[in-house]
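The following briefing concerns a predicted model. Please inspect the sequence and coordinates before reading the notes beneath them.

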Amino acid sequence: ALVSIRFLFTALPMFLFLLCKDPGKLKIPKKDMPLFLANGIVSLVFFTSCYTAAIRYTKIATAAALLYTAPAIVLILSAILFKEKLTGKKIICVLFSVLGCALCSGLAGGADLTRKGLLLGLGAGLGYALYSIFSRYIQMRGYTTYTNILYTFGIATIVYIVMACVDGSAQNSIQHPEAIALAALCGLVTGCAAYILYTQGLSKMAPPTASVLATIEPVTAAILGVVLFGQTLSIMEIMGIVLVVGSVIAMNVGHRS
């Protein structure tokens, strides 16, 4: 239920923005609706469900590391679907960024990993990667970032509301208004703002490049852990940060697409 609230507060600002600025962009022809359904369900709902479940079977850090297999998946799918050139530089940068995320999250250090945790984590990575792929197709049809986010998250919101009503979690959430407020805040900041920036980035660069840039997230989490909570970084985690940052820089040096 809290996921549906988060997604709702990601989609709602997009609706209000388009309603005020350009209502015409709220209309979607029936022939294009399958793309938005795929992005909302096959990508967003699948990714969120796998990631949430993965956390139950393994550590959060391990699940996060598996999530960031997404750049490698995006690289392969982009080469197949969009004929993106599969250069040695892209391959090395993607592999180093995935390895860096694993080091930052503790996966390479012998973290406890069950078979279910592994499969669910990889499923989350696939769903996350598919957001880049479906969003690229949507943008190729001429839709804006705001329309994409509105319908993708709007569809996912409806799916999760139905799921919450079926499993009874909707009624339980009502009893915790502070959790609802936090979910709404997450929707506005980590949902709405973050996905605007990421989806807009997809219109300016190739999906593999945008996906590698997104791997800076676990690095940011590790650094904030040190600054805000006084946590310490191991040699492996520092190496992971260097690999991710180095991959991001290398991916963008002299690269304009």
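The notes cover a helix, the nonpolar cores, the salt bridges, the cysteines and one residue of a further helix.

The model is predicted, and every value below is computed from it. Helix α9 has a kink of about 30°, and its residue Y195 is among the members of the largest nonpolar core that touch the most other members. The structure holds five salt bridges, whereas the count of disulfides comes to zero.

**Helix α9**

- Helix α9 comprises 26 residues, from 177 to 202. At 1.5 Å a residue it should span 38 Å, and its end C-alpha atoms lie 35 Å apart, so the two values agree.
- The kink of about 30° in α9 is centred on G187, and G187 is itself one of the buried residues of this helix.
- Other buried residues of α9 include A183, A184, G191 and C192. Further along the helix, Y195, I196, Y198, T199, G201 and L202 are buried as well.
- The cover over these buried residues includes α1 (2-21), α2 (33-57), α6 (115-140), α7 (145-167) and α10 (207-214).

**Nonpolar cores**

- The largest nonpolar core has 41 residues. Within this core, L44, F47, Y128, I149, F153 and Y195 touch the most other members.
- Another core, of nine residues, lies apart from the largest one, and L35, A38, L130 and Y143 are among its members.
- Which residues does Y195 contact, leaving aside its neighbours within four places in sequence? Its partners are L44, F47, Y128, Y131, T145, I149, F153, T190 and Q200.

**Salt bridges**

- One of the five salt bridges joins the side chains of D32 and R141, with an N to O distance of 2.2 Å.
- This pair connects distant parts of the chain, 109 residues apart: D32 belongs to the loop between α1 and α2, and R141 to the loop between α6 and α7.
- D32 is buried because its relative accessible area is 3%, under the 20% limit. R141, at 46% relative accessibility, counts as partly exposed.
- A network of salt bridges links K31, D32 and R141.
- E84 forms a salt bridge with K90 at 3.6 Å, N to O, and another with R136 at 3.4 Å, N to O.
- The pair of R136 and E84 also links distant parts of the chain, 52 residues apart: R136 is in helix α6, while E84 is in the loop between α4 (70-81) and α5 (88-105).
- Both K90 and E84 are buried. For E84 the relative accessibility is 17%, so this residue falls under the 20% limit.

**Cysteines**

- How many disulfides does the structure hold? The count is zero.
- A disulfide is a covalent bond between the sulfur atoms of two cysteines.
- C20 is exposed, with a relative accessible area of 70%.
- C165 is exposed too, at a relative accessible area of 56%.
- C192, by contrast, is listed with the buried residues of α9.

**M163 in helix α7**

- Is M163, a residue of helix α7, buried or partly exposed? M163 has a relative accessible area of 36%, between the limits of 20% and 50%, and therefore counts as partly exposed.
- The C-alpha atoms of M163 and S4 are separated by 9.3 Å, although the two residues are 159 residues apart along the chain.

Note on methods: Residues are numbered from 1 along each chain as its sequence is written. This is a predicted model: local features need pLDDT of at least 70, side-chain atom pairs count only at pLDDT 80 or more; totals for chains, interfaces and linings use all residues. Side-chain values use heavy atoms; hydrogens and water are left out. Helices (H or I, at least four residues) and strands (E, at least two) are DSSP runs, numbered from the N terminus. The expected span of a helix is 1.5 Å times one less than its number of residues. The bend at a residue is the angle between axes fitted to the seven residues ending there and the seven starting there. Buried means under 20% relative accessible area, exposed over 50%, partly exposed in between (1.4 Å probe, protein chains only). Contact means heavy atoms within 4.5 Å. A disulfide is a pair of cysteine sulfur atoms within 2.5 Å. A nonpolar core is a set of buried Ala, Val, Leu, Ile, Met, Phe, Trp, Tyr and Cys residues joined through side-chain atoms within 4.5 Å. A salt bridge is a side-chain nitrogen of Lys or Arg within 4 Å of a carboxyl oxygen of Asp or Glu.
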